[in-house]
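Trainee: I've just loaded this one into the viewer and want to go through it piece by piece. Can you help me reason about what's there?

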Amino acid sequence: MSFTSPSVGSGGRTVRRAFEFGRTYVVRPKGKHQATVVWLHGLGDNGSSWSQLLETLPLPNIKWICPTAPTQPISVFGGFPSTAWFDVGELSEDAPDDMEGLDASAAHVANLLSTEPDDIKLGVGGFSMGAATALYSATCFAIQKYGNGTPYPSNLSAVVGLSGWLPCSKTLSKKFEEASEAARRAASFPLLLCHGKGDDVVPYKFGEKSSRALSATGFQDMTFKSYNGLGHYTIPEEMDEVCAWLNSKLGLDGTPS
C-alpha cells in the first residue's frame with residue numbers, strides 16, 4: 001500500500017499539516033474493567049459505526065474507545081476529502097508512506113490511552129486503514145518511538161488488525177536493528193491479523209505479506225487468520241475469533257462485576 005509525503009510549499013519547505021480529529025465514541029465495560037482497546041475505523045467511516053458493533057460483543061471487561069479520523073484530502077480520491085488516519089496514494093507497495101499522518105494518528109491513539117489506570121491492559125485494533133494504523137502503533141511500541149523520533153509513551157499489550165496492511169514494512173528491520181530492546185519487546189507482543197481471501201479493496205496478499213514481515217522482524221506471537229470468500233468487511237466468525245483471542249491474550253476473566 002502507498003501513501004503520499006507531506007506537501008511541499010514554495011521554496012521547497014515542508015508544510016506541516018493540521019490534524020483535527022473527529023468525535024470519539026466510548027463503550028463502557030459491562031463487567032469489571034480489565035482492558036481498554038482503541039478501535040480505529042476504515043477510510044471514509046467514523047467511530048460511531050464500530051462502537052455500535054463492539055458494544056454487542058461478549059467482552060464485558062473491555063472498555064472500547066472509538067475515535068473518528070480527521071477529514072483530509074485523499075490522493076487516491078483525487079484530493080477529495082474523507083475521514084482518514086493518513087493520506088493514501090495508489091495501491092502500490094513502492095510509493096512512500098505518509099509518515100506525518102501515521103505519526104499524528106498513532107500519537108492520538110496513545111493520547112487516548114494515556115489517562116487509563118495503571119492496572120488496565122491497553123490494546124489497539126482496527127479495520128482496513130485503521131488496522132494499518134494499529135499495526136504501525138505496534139511497531140512504534142516495539143521501537144519505543146514514532147517515525148519522527150519522538151518517544152512512544154504507551155505500554156501496549158495487544159494489537160488486532162482486520163483487512164489491513166503494515167505501513168513502513170520496508171524500513172522496519174533497519175529500525176529494529178537501531179533500537180535497543182526492540183526485538184525483545186516484539187518477541188512476546190501478541191498480534192492478530194485477519195484477512196478475507198475475497199478482499200477487492202485491500203488485497204489478501206497485503207495482509208499475508210504484512211504478517212510475514214512482522215514475523216521476520218521478530219514478532220513471534222503472531223496469529224494470521226484467513227477467510228475464504230470474505231470481502232472487505234467483517235463477519236460474525238471473524239469477530240468470534242477476535243473475542244476469543246482478546247480474552248486469551250489479555251487474560252480477561254469474562255465475569256461481570
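**Burial, rings and charges**

Trainee: Is F224 buried, exposed or in between?
Mentor: Its relative accessibility is 24%. Buried means under 20% relative accessible area and exposed means over 50%, with partly exposed in between (1.4 Å probe, protein chains only). So F224 counts as partly exposed.

Trainee: Before we go on, what kind of model is this?
Mentor: Residues are numbered from 1 along each chain as its sequence is written, and side-chain values use heavy atoms, with hydrogens and water left out. Local features need pLDDT of at least 70, side-chain atom pairs count only at pLDDT 80 or more, totals for chains, interfaces and linings use all residues, and the model itself is predicted.

Trainee: OK, rings next. How many aromatic pairs are there?
Mentor: Rings of Phe, Tyr and Trp (its six-membered ring) pair if their centres lie within 6.5 Å; planes under 30 degrees apart count as stacked, over 60 as edge-to-face and the rest as tilted. By that rule, the count of aromatic pairs comes to 10.

Trainee: What geometry do W50 and F127 have, and how far apart in sequence are the parts this pair ties together?
Mentor: Their centres are 5.8 Å apart with 40 degrees between the planes, and the pair is tilted. W50 lies in helix 1 (residues 47-54) and F127 in strand 6, so the parts tied together are 77 residues apart in sequence.

Trainee: And are W50 and F127 buried or exposed?
Mentor: The two rings fall in one class here. Both W50 and F127 are buried.

Trainee: Why is the pair of Y204 and F224 classed the way it is?
Mentor: Their centres are 5.9 Å apart and the planes make 50 degrees, so the pair is tilted. Y204 lies in helix 6 (residues 204-217) and F224 in strand 9 (residues 222-227), so it ties together parts that are 20 residues apart in sequence. Y204 is buried, at 16% relative accessible area. So the class that follows from the ring geometry is tilted.

Trainee: Which residues join W50 and F127 in a ring cluster?
Mentor: Ring pairs link four residues into that cluster, with W50 and F127 among them. The others are W39 and W64.

Trainee: Moving to charges, how many salt bridges does the whole structure have?
Mentor: A salt bridge here is a side-chain nitrogen of Lys or Arg within 4 Å of a carboxyl oxygen of Asp or Glu. Searching the whole structure gives a salt-bridge count of 7.

Trainee: How close do R17 and D98 come in their salt bridge, and how far apart are they along the chain?
Mentor: The closest N and O atoms are 2.7 Å apart. R17 is in the segment before strand 1 (25-27) and D98 is in the loop between strand 5 and helix 2, so we're looking at distant parts of the chain (helices, H or I, at least four residues, and strands, E, at least two, are DSSP runs numbered from the N terminus). The sequence separation of R17 and D98 is 81 residues.

Trainee: Which of these two is buried and which is partly exposed, and what third residue joins their network?
Mentor: R17 has a relative accessible area of 22%, so it's partly exposed. D98 has 0%, so it's buried. The salt-bridge network that includes R17 and D98 also takes in E100.

Trainee: E100 is in helix 2, right? How many of the residues of that helix are buried?
Mentor: E100 is one of its buried residues, and helix 2 spans residues 99-113. The buried residues pack against, among others, strand 2 (35-40), strand 3 (62-66) and helix 3. The helix is mostly covered, with a buried count of 12 of its 15 residues.

Trainee: Since helix 3 came up, how accessible is G130?
Mentor: G130 belongs to helix 3 (residues 129-143). Leaving aside neighbours within four places in sequence, G130 is in contact (heavy atoms within 4.5 Å) with L40, H41, G42, W85 and G125. G130 counts as buried, because its relative accessibility is 0%.

Trainee: Last one: what is the phi of S128?
Mentor: S128 is in the loop between strand 6 and helix 3, and it's buried at 7% relative accessible area. It isn't a glycine, yet its phi is positive, at about 60 degrees.

Methods. Expected span 1.5 Å × (residues − 1).
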